[in-house]
Structure formats: structure tokens, C-alpha cells
Amino acid sequence: MADSAAKTALEYLRDPAVITGLGAAAVASMYYLASRPTPQPCPVDPMKQSYELPDGDYARMNSLTTELVERLFDDVTTSHEAFLRGVRISGDKPCLGHRSSPGGPYTWLTYNEVLERSTDTGSGLIELGCHPGDDGYTFVGVYAPNKIEWVFVEQACNMFSLTIVPLYDTLGLDSCVFIINQAQMTTVVCDESKIKSLLEQCSKCPKLKNVVKIGAPVTDEEKAAGEKAGVKIICFKELEDMGKTHRHEKKLPKPDDLAVVCYTSGTTGNPKGAMITHRNAIGMLSGLVYIVEQCGISFSDSDVHLSYLPLAHMYERLAQLMIFTYGGKVGFFGGNVRNILDDLQSVKPTLFISVPRVLNRVYDRVMKQVSSSSIKSFLFNLAMSSKKAELNRNIIRRDSIWDYLVFKKIQNSLGGRVRILISGSAPLRDDVMIFLRCALGCQVLEGYGQTETTAAATIQMIGDQTYGHVGPPLPCNKIKLVDVPEMEYFAKDGKGEICFYGPNVFKGYLYDEKKTKEAIDEDGWLHSGDIGEWQPNGTLRLIDRKKHIFKLSQGEYIAPEKIETVYTQCPMVHQVYVHGDSKKSCLVAVVVPEHDYVKKWAEKNNVEGEMDSWCTNENVKKAILDQMVAEGKKEQLKSFEQVKAIALTPEIWTVDNGLLTPTQKCKRPAVKTLFTQTFEDLYSTIPE
């Protein structure tokens, strides 16, 4: 506030009696004039956020730069050097925080303490036999939820040129075994909650020799199970003590050394190990920080991050790397997502990294409360209207009268200090984006990328309040669209498969040259499999998938053809098209019924008519859906792979009507277009 008179005016306008007397709308206008909010413009022309390069292949770069950004600091070329920068800035200041007991207060370790314990951990791993190889890599597995030991192991690997490999539950135990064996791991650091399931699989992992248990001391039962499988089990404290007693000389990594192998689940077959180098991580970090700082937001040792998204994914790892580079604080959630609001209240993050699944819940909970009262609904809509008007003028704040009257509780639910929120992993609904930007009074940005781009490749720019796109390319990479003629997408029209080039593009897939060549072409461009479209303002919009693989709103990958193969085994199903929307949490489908079987069912159940009437009969629809779900369970489809609603259509799809190819394959774009309204109607019947 510019002067004491303005402060006095604001205090006066916050008086409930004044609000009641003058009316909320009048007070809001007076408050606006007294608070003098400052617009935050886009650092480039909002209508020219990227530009086309003059090389003839339609590649584009961010308008902020003419050269790819690879690093921000001359002395930060590896993840280890990034952490050391944080140590220099905040040596005896808090670095990592965790709850000392369930529901208890947060306890913090300083940067110097984390460096010391990570060094002990690294020396302990070397003592166990994890020697960095000159001709190859030595991989150390981590099978644990987010916690301080995760960081100790990662920093230890960074100091001694080892490569960390995360294991996580959603891959399934068979995939974990595959990863351990493919990477020829001798050592896995495992949380106490995972130890039993890992020990049951040890006999399938002939190279595995050591399991380090995080948590309680090793029990006699666990030691016996380990001995039976030929595996030595020690607790994490023993590992640290071993390293403290037997200090080994560090072997610092070079930029092109592997930092992590991050396995992606994909949709079929074994997971693929994306090889991420230190150069990739620093390039990604530099591109993200560069664009945000050019937009007027700087990071410092006062920034705080709550770690709750899986550290097994590059998205969360990037957030932590950024905080460490600037000497900020990382607090780990208590382990129970249901209690995350309590964690947010305690940690009070300034940076909030999230996914649509979490943000949709925040929105739905608020809207449910608002709809419970006509007065609440009236005030909420008035507040949203006022904040939207400010957004249109690039005014982002949380000190308006509407923040005081309506939005403060929402802001406080995230700790009350969030100044930038980034959403990724799946598209964010437009209504949720608008709500967050208004209600939280902070910068809310959506990004897009893949594990193979070290998390991100685009992000929306501050000062651009439009939505429905994922922003321009990050300054660390170029993006081009490549023709996909079979789907009628052409680069000359600004549509095609999204391809990336830059220092954040991964090295390839571990021990899988074939899949690496499928992903990265001879010129070094990574092919995403996603279909994009350039918007008039130079931003990118996602519109399709090249191989018909897509994500639901929670981030699960869906392979519709696999599911359709299962459902077509049902006697009452002749043809089926499974549809998903990345802004929705479930699948729907259109089914062409098998005439003879449906006729038999209709006669048995006293349903009259022919195919046209059967397709509108709710009992017929229910019978077919029940049969599909039963077949799905029989074939072990996951719950999110099962359709939740179907529509029936009597017309068989053929080559003649343009819905099948000459080889009798479904022309997915044509079927999708034909039933667009049907899919929208189906989703409207499913409760959120």
C-alpha cells in the first residue's frame, strides 16, 4: 500500500458494518480504488508467444529467446551441483521437513545436515558394493513413498555417479521384478510398507543381493526371508552408520551421465526405462525457471514446496530440484492423502505442484458448499464476476474485498501463501482453471510434456489469461508438428504429431534400441504420439493421439483397442468403440449389438420390437453393459478400463459407410466425429 491513508481506508472498508451498510458491490469498487492493484503483463506479445523458425519444417520456439536455454548458472551443470548451490545459500537453514510422528509437528533438517547424511548414505552404498562402473552404470532401486530417505538416496547417487531407479506400486510387482532384472540391480532401498511384497519376489531377481529397509529395525522374520532368497537385509540407519565409518571418495557425475532411469508404464507389455541425464534435468529446470522469471516471478530461499506427488515421476523430481537450487524448503506430506489439507496448513507452501484430479476435488468441494445456500451462491457469483474482470486486466492478487469476504477460506486451505500453482499430467478443465485463477489469487499455469522430455515441454505464460491450451514451447526446446496423413493432420495447416528437440529430451530407453529409434528420429527429434494444433497466439493445443492411446483425468493411460478386443468377446456385442476424454475420469462406449443374440435375449425377457427399438430400450442396454463388465472382469481389466455407460446404435460399421478401413479396422476419427454428441450425452448421465 502506498501510504497510511490508503491502509486506513482498507481497514475501514473491511468493517462488517460498513459492508452491510454500503453493500458488498459498492464496497468492492471502493476497495479496488483504495488498494491500487498493479497489472502483470505478459513479457512478450500475447498474440505471438512463439515464432516459426526459417528452416522449412514448421518448428517453433518461445518468443522470449532466439537460442535454446540449457542452463542458468555456470556452476550448475548437474543435479549435484544444483543441490550444492542450495547448500551455499542456505547451509544451516531448513531443507527437508517431515512429521516426527503421525499427526505430529514437522521436524526440519538443514541443508548441511542433508548433505552430511546423503554423503553417509552414498558411502554406505559403495561399501555394499554399488561401485560406479567405468564401462556402464550401476543402478540403485528405491521402492518407497515420498520421504526424506528418498532424497538421501538420490543425493547419494548424484555424489557417487550412481543412477537411481524408482519402483512404484502402480507398475505392479511383475513390472518391478522386470525393472530390477533389466537394470541388474544388486541393491534396492525399500520402505517398511513394501518390504514384505519385495521379499516375496526376491527369488525371481538373481542379481539382487541387498535390501535396505527404511523405517523400523529389520525383524527376525524378514532376515529369515532374506536369507532364504539369498538377500542381505539391513535397516537404513545401518547403511548410514556404515558410510560414516567407511568414508569413500566421491565420484562426481558429468552432465551427460545418467541421473535417473524413470520407467513408464505405457499400456501394453513391459515398462520402458527412460534414461534421464543430468544435462536433461538441468536443461528442463533452466527452461522452466527462465520463462517464469521473465514473467516477473523469481525463486529464492523463502520458497516452500509440499511433496506429495510421487517422487517416482519426473514432475515431482523437477519441483524438488528447483527448490533445492534456490535453497528453499521441501516438506513431505504425512503419507495419507486424506490428511493433505493438514499438511498444507503446517507447511504453507509458496509453490504448489498439482494434477487435475486433486484440483477438481477442490473445485467440486467448493461448488457443493456454495450451492447449499442462495446467499452463498449470490456472493460467490458476484465475487467470481469481479475477479474475472480483474483477470482480463492481468491483475492477480488476493487482497481484494472479495478475497476477504469469499475466497480467503479457500486460499487458507492450501496454506494461504501459494503464489504460483502449476498443473500437469492431464488437461485441466476450463471451468476449474477459471475458478482457481480467481479464487486463489495467484498465478495458475498449465504445462504439458512427457517423462521423455524430463517432465515438461510447454507451459502457459504469465500475463495470458486465456485457457484451453498448454502454452508455447519452453525456452529449452523447439516443437514442431509432423504430418499424420492417415488421420488427415498436416503441418502446413498447423496440425500434426508433436515432436520435441532440445537439451531436455531424454537419452533413450534403457537396453532397448528398437523403442529408442521409434521414439527419437535420426535428426534427434522426439516423437510424442500426441496430436497438437498451433493456436493463432502461438500456443499449443492438444487435440488427439496418434496411436489412440490417451490419459484419463487421473493420469491413467488407456489403450482403447485392447479394451474393445475384450468387449467384442461378449455374445451380445458385434462392434464397440471405447471413448475417453482426458478431462473425464472414466470411459464410455458406443456398441453395435449382435442381432441374433439380442433377439434371443429379447424373446426370453418379453421385450418386443426389432433392432431400432432395442437400441433405445434401457433393459437391453443394461443387459449388454452388464455382460461387457463381466467379460472385462474375467479378462482382468482394471477398474478404470471398464466403461461406465454405453449407447447402442443399429447401423453396422462398414467400409461402404466410411467407418472401417479396407483392412476392416475401425476408422477411429470418423467414428469419433459421428458420435461426438452421443459421448457428451453419455458423460452427462454419469455423476462426477
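In this predicted model, strand 14 (residues 351-354) and strand 15 (residues 420-423) run parallel, with four bridges joining them. One pairing to look for is F352, which stands opposite L421 in strand 15. Strand 14 itself sends L351 and I353 one way, while F352 and S354 point the other way. Whichever way they point, all four residues are buried. This fits a simple rule: in a regular strand, side chains alternate between the two faces of the sheet.

Strand 6 (residues 163-166) tells a similar story. T163 and V165 point to one side of strand 6, I164 and P166 point the other way, and all of them are buried. Its partner is strand 5 (residues 139-143), and the two pair in the parallel sense over four bridges. Within that pairing, F139 has T163 in strand 6 as its bridge partner.

Stepping back to the whole protein chain, the secondary structure comes to 24 helices and 27 strands. The C-alpha atoms fill a box of roughly 85 × 75 × 55 Å along the principal axes. How does the radius of gyration of 27 Å sit with what a compact globule would have? For 688 residues, a compact globule would come out near 26 Å, so the 27 Å of the protein chain agrees with that. Of the 688 residues, 55% count as buried. Contacts also reach well along the sequence: among those with a separation of 6 or more, 66% are between residues 24 or more positions apart.

Now for the helices around helix 17 (residues 430-440). Helix 16 (residues 401-413) and helix 17 have axes that come within 8 Å and cross at roughly 110°. That crossing makes helix 16 roughly perpendicular to helix 17, because angles of 65 to 115 degrees count as such. On the helix 16 side, the contact is made by D403, F407, I410 and Q411, which meet F435, C438, A439 and L440 in helix 17. Sorted by kind, the residues of this contact are six nonpolar, one polar and one charged.

Helix 17 also packs against helix 14 (residues 356-370), at an angle of about 75° and with the axes 10 Å apart. Helix 14 and helix 17 are therefore roughly perpendicular to each other as well. Here L359, N360, V362, Y363 and V366 in helix 14 meet D431, V432, F435 and L436 in helix 17. The tally for this contact is seven nonpolar residues, one polar and one charged. F435 turns up in both places, meeting residues of helix 16 and residues of helix 14.

Further along the chain there is an open sheet of three strands, in the order 25-26-27 and with mixed pairing. Strand 25 (573-580) and strand 27 (643-648) are the edge strands, each pairing on one side only. From one strand to the next, the twist averages 25°. Strand 26 (residues 587-593) pairs with strand 27 in the parallel sense, over five bridges. In that pairing, V590 stands opposite A647 in strand 27.

Which helices pack on this sheet? Helix 19 (residues 560-567) does, touching strand 25, strand 26 and strand 27, with a direction that makes about 150° with that of strand 25. Helix 24 (residues 676-684) packs on the sheet too and touches strand 25, strand 26 and strand 27; its direction makes about 120° with that of strand 26.

How values were computed: Residues numbered from 1 in each chain as written. Predicted model: local features only at pLDDT ≥ 70, side-chain atom pairs only at ≥ 80, totals over all residues. Heavy atoms only, no water. Axes fitted to C-alpha atoms, helices over the stretch in contact; angles between N-to-C directions. Parallel < 35°, antiparallel > 145°, perpendicular 65-115°, else oblique. Contact = heavy atoms within 4.5 Å. Nonpolar A, V, L, I, M, F, W, Y, C, P; charged D, E, K, R; others polar. Buried < 20%, exposed > 50% of the residue type's maximum accessible area, 1.4 Å probe, protein only. Pairing = 2+ DSSP bridges. Rg over C-alpha atoms; globule rule 2.2 N^0.38 Å.
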